[in-house]
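Me: I have a chain open here and would like to talk through its strands and pockets. Could you take me through it step by step?

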Amino acid sequence: GSGKSTLIKTMLFPRDVESGSITLGGVPAQRMDSAGRAASFGYLPQEVRLLSGSVAENIAGFTEVDSQAIVEATKLAGVHELILRLPQGYETPVGVAGQLLSSGQRQRISLGRALVHNPPALVLDEPTNALDVVGSRDLLDTLDHLRERGHAILLSTHRLHEIEHRCDRFVIINTGHIVAMGTHGTLVSDSGDLESAFFRAIDRE
């Protein structure tokens, strides 16, 4: 309820911005068309909604995407073995909204969709919300790998313990306002850990 998802949607799809400016990769977000957005960032929304179709169609988003790009995205997202295991590969339906897949598999397919255009930046809204402990760890390990490959990652979460030692910088928001920001060392210098720093920041409001 702090405004994380609203902020992300406003950043990426600034149709209703009343004031201020948003710049993505040096380009005003309001001037970006859909192709420019796809080339600039991959977006993993909080609610994963798969389409009725194959795994590959979901990763492509039913747009014109090179088959090699789909293969690479499935490998990066950790679902390539799922396609290989299913009969007839890409043509096997996954069912409406991915009913035949686990929540972790659906999340990874959605991550593959965000990666298919090989964007320099990824924006992930509560990516581990629907995952169990093992699934969360595996997804975060995948994000570590993507960061090592050079992707910039903006991740929204309230699970502070999952990201405390994985992120380079943090922004804490409360009721739509930034109340603290900085590196881990800066934020926890007087608090001991990120959760304590979080409460310290919002209590000052």
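**Strands, pockets and confidence**

Reply: E6 and E7 pair in the antiparallel sense over five bridges, where pairing requires that DSSP finds at least two bridges between two strands, and where helices (H or I, at least four residues) and strands (E, at least two) are DSSP runs numbered from the N terminus. This is a predicted model, in which local features need pLDDT of at least 70, side-chain atom pairs count only at pLDDT 80 or more, and totals for chains, interfaces and linings use all residues. Residues are numbered from 1 along each chain as its sequence is written, and side-chain values use heavy atoms, with hydrogens and water left out.

Me: What sits across from Phe170 in E7?

Reply: Its bridge partner there is Gly182. E6 and E7 form a hairpin with two residues between them, and Thr175 in the turn has a positive phi of about 45 degrees.

Me: And E4 with E5, parallel or antiparallel?

Reply: Parallel, over five bridges, with E4 covering residues 121–125 and E5 residues 152–156. Leu122 stands opposite Ile153 in E5. Together with helix H7 (residues 133–148), E4 and E5 make a right-handed β-α-β unit, right-handed meaning that, with the strands pointing away from the viewer, the path from the first strand over the helix to the second runs clockwise.

Me: Switching to pockets, how much space lies in the largest one?

Reply: About 1100 Å³. A pocket is an open set of points on a 1 Å grid over the protein atoms alone, where a 1.4 Å probe fits, with protein on both sides within 12 Å along at least five of seven lines, and lining residues have an atom within 4 Å of a point. Of the 35 lining residues, Leu154, Leu155, Arg169, Phe170 and Val171 are the closest to its centre. The elements that give two or more residues to this lining include H7, E5, E6 and E7.

Me: What about the second largest pocket, which residues lie nearest its centre?

Reply: Ala38, Phe41, Tyr43, Arg113 and His117, out of 19 that line it, and the volume is about 450 Å³. Helix H2 (34–40), strand E3 (41–44) and helix H6 (103–115) each supply at least two lining residues.

Me: Where does pLDDT stay under 50?

Reply: Over residues 87–99, for which the model has 32 contacts (heavy atoms within 4.5 Å) beyond four places in sequence. The protein chain averages a pLDDT, the predictor's confidence in each residue from 0 to 100, of 83, and 91% of the residues score at least 70.

Definitions and conventions:
Grid points are joined across faces, edges and corners, and a volume is the space filled by probe spheres set on the points.
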